[in-house]
Amino acid sequence: MTSATLKTPLTELVGVRHPIVQTGMGWVAGPRLVSATANAGALGVLASATMSPEQLRSAVREVKSRTEAPFGVNLRADASDAAERVRIIVDEGVRVASFALAPSRELIARLKDAGVVVIPSIGARRHAEKVAAWGADAVVVQGGEGGGHTGEVATTVLLPQVVDAVDIPVVAAGGFFDGRGLVAALAYGAAGVAMGTRFLLTSDSTVPDAVKAKYLAAQVKDVTVTRAVDGLPHRMLRTDFVSSLESAGRARVLARAIRHASGFRRVSGMSWREMLRDGLAMRHGKELSWSQVLLAANTPMLLRSSMVDGRTDLGVMASGQVAGVIDDLPSCAELVEQVMAQALEVAGRLPRP
Ligand SMILES: Cc1cc2nc3c(=O)[nH]c(=O)nc-3n(C[C@H](O)[C@H](O)[C@H](O)COP(=O)(O)O)c2cc1C
């Protein structure tokens, strides 16, 4: 583990050595990646939306058996079983709860009462203001460069906006992969960086080698945003399969969505009733049609085909634009070491007034 470090409000808040977060990526951020990140001195976050509650409990225990360092769990605030997942987080003494969507005031209070640090991920200033007012301890703000579901506003514009709007620590996400980015984020007033794609591309990530090779070969222009998977803007590698999703007729798209919904039901252990309730929660307040709600099950299933089964011809590869500039597969320990060493070196040679 590198000895060089930078103390920030994030490292103080969660008790990690370095102001670096490995984000909760579905099918990617499992016990092996999270514990390797934690042992490297950064904050690893387990992705739980693609696990059943029982799988989540055993994944948490597996991380605990591999590391003594703090780590987090990412969950969907609108999941019908969110309360059960929160109970597992509290019971197991998990340090951080991270949320893909803004959690309710009640959920935040419950976690905080139990001593869990609450860090929602947001993509707009008003969402940051809302969760800060509800008691969130920090926020991760993701700009449009980032992988997976993403917004339109670039990190360089969104981050200073959010830093100015809230008094809690802000962690910058979307487009970060090295020490220069960490220094830039700190200069904007952030308390650290969160990286998804960079941690997917490590030797500790369980993503099949052939899939990692596709990311490594990608240029920046090969990373695209499409709504073809679930109706929401989603950043991923452009492949023939993604193009075929975009050109498929409505009937074919719906037929596949129904197949995937039933596949997701099987692997997630959810009942149709729970899936319907989650679908309704997703639809709430958004202009989503029922077919888009059904398509929501496409995301985890299409991601699984690539990230678990290695079928890039049948699955999608969520990715940030940084895939176009990454060309190696360090271990998490090497990655964190390199980022910290470069950050300190870069910070040391900035022009002085
Ligand atoms: C393969 C992949 C899967 C992802 N899955 C999720 C997810 O399940 N939940 C979530 O909140 N964010 C998810 N994301 C978004 C990341 O957590 C993170 O916010 C994003 O990757 C940051 O941008 P970067 O890739 O430029 O570092 C995913 C991203 C990738 C690349």
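This is a guided tour of three helix pairs and a ligand site in a predicted model.

Begin by selecting residues 31-39, which form helix H2, together with residues 53-66, which form helix H3; the two helices pack at an angle of about 35°, and their axes are 9 Å apart. If you turn the view so that one helix lies in front of the other, the crossing of H2 over H3 is right-handed. To see what joins them, show the side chains of Pro 31, Arg 32, Val 34, Ser 35 and Asn 39 in H2, which meet Ala 59, Glu 62, Val 63 and Arg 66 in H3. Coloured by class, this contact of H2 with H3 shows four nonpolar, two polar and three charged residues.

Next, move along the chain and select residues 82-91 as helix H4 and residues 105-113 as helix H5, whose axes are 10 Å apart and whose packing angle is about 15°. H4 and H5 are therefore roughly parallel to each other, and their crossing is right-handed. On the H4 side, the residues to display are Ala 83, Val 86, Arg 87, Ile 89 and Val 90, while H5 contributes Leu 107, Arg 110 and Leu 111. The contact of H4 with H5 is made up of six nonpolar and two charged residues, with no polar ones.

For the third pair, select helix H6, residues 125-133, and helix H7, residues 155-165, whose axes come within 9 Å and cross at roughly 30°. Because angles under 35 degrees count as roughly parallel, H6 is described as roughly parallel to H7. Here too you will find a right-handed crossing as H6 passes H7. Arg 125, Ala 128 and Glu 129 form the H6 side of the contact, and Leu 158, Gln 161, Val 162 and Ala 165 form the H7 side. By class, the residues of this contact of H6 with H7 divide into four nonpolar, one polar and two charged.

Finally, centre the view on the ligand and display the 19 residues around it, of which Thr 23, Gln 142, Gly 175, Gly 196 and Thr 197 come nearest. Which atoms might you label here? Start with the side chain of Gln 142, where an N or O atom is 2.4 Å from an oxygen atom of the ligand. Then switch on the backbone, since two glycines are worth labelling: a backbone N or O atom of Gly 196 is 2.8 Å from an oxygen atom of the ligand, and a backbone N or O atom of Gly 147 lies 3.3 Å from an oxygen atom of the ligand.

Definitions and conventions: Residues are numbered from 1 along each chain as its sequence is written. This is a predicted model: local features need pLDDT of at least 70, side-chain atom pairs count only at pLDDT 80 or more; totals for chains, interfaces and linings use all residues. Side-chain values use heavy atoms; hydrogens and water are left out. Axes are lines fitted to C-alpha atoms, for helices over the stretch in contact, and angles run from 0 to 180 degrees between N-to-C directions. Helices (H or I, at least four residues) and strands (E, at least two) are DSSP runs, numbered from the N terminus. Angles under 35 degrees count as roughly parallel, over 145 as roughly antiparallel, 65 to 115 as roughly perpendicular and the rest as oblique. A crossing is left-handed if the near helix is turned anticlockwise from the far one by less than a right angle, and right-handed if clockwise. Contact means heavy atoms within 4.5 Å. Ala, Val, Leu, Ile, Met, Phe, Trp, Tyr, Cys and Pro count as nonpolar, Asp, Glu, Lys and Arg as charged, and the others, Gly among them, as polar. A residue is near a molecule or strand if one of its heavy atoms lies within 4 Å of it. A polar contact is a pair of N or O atoms within 3.5 Å; within protein, one must be able to donate a hydrogen and the other to accept it, and residues adjacent in sequence count only if both atoms are side-chain atoms.
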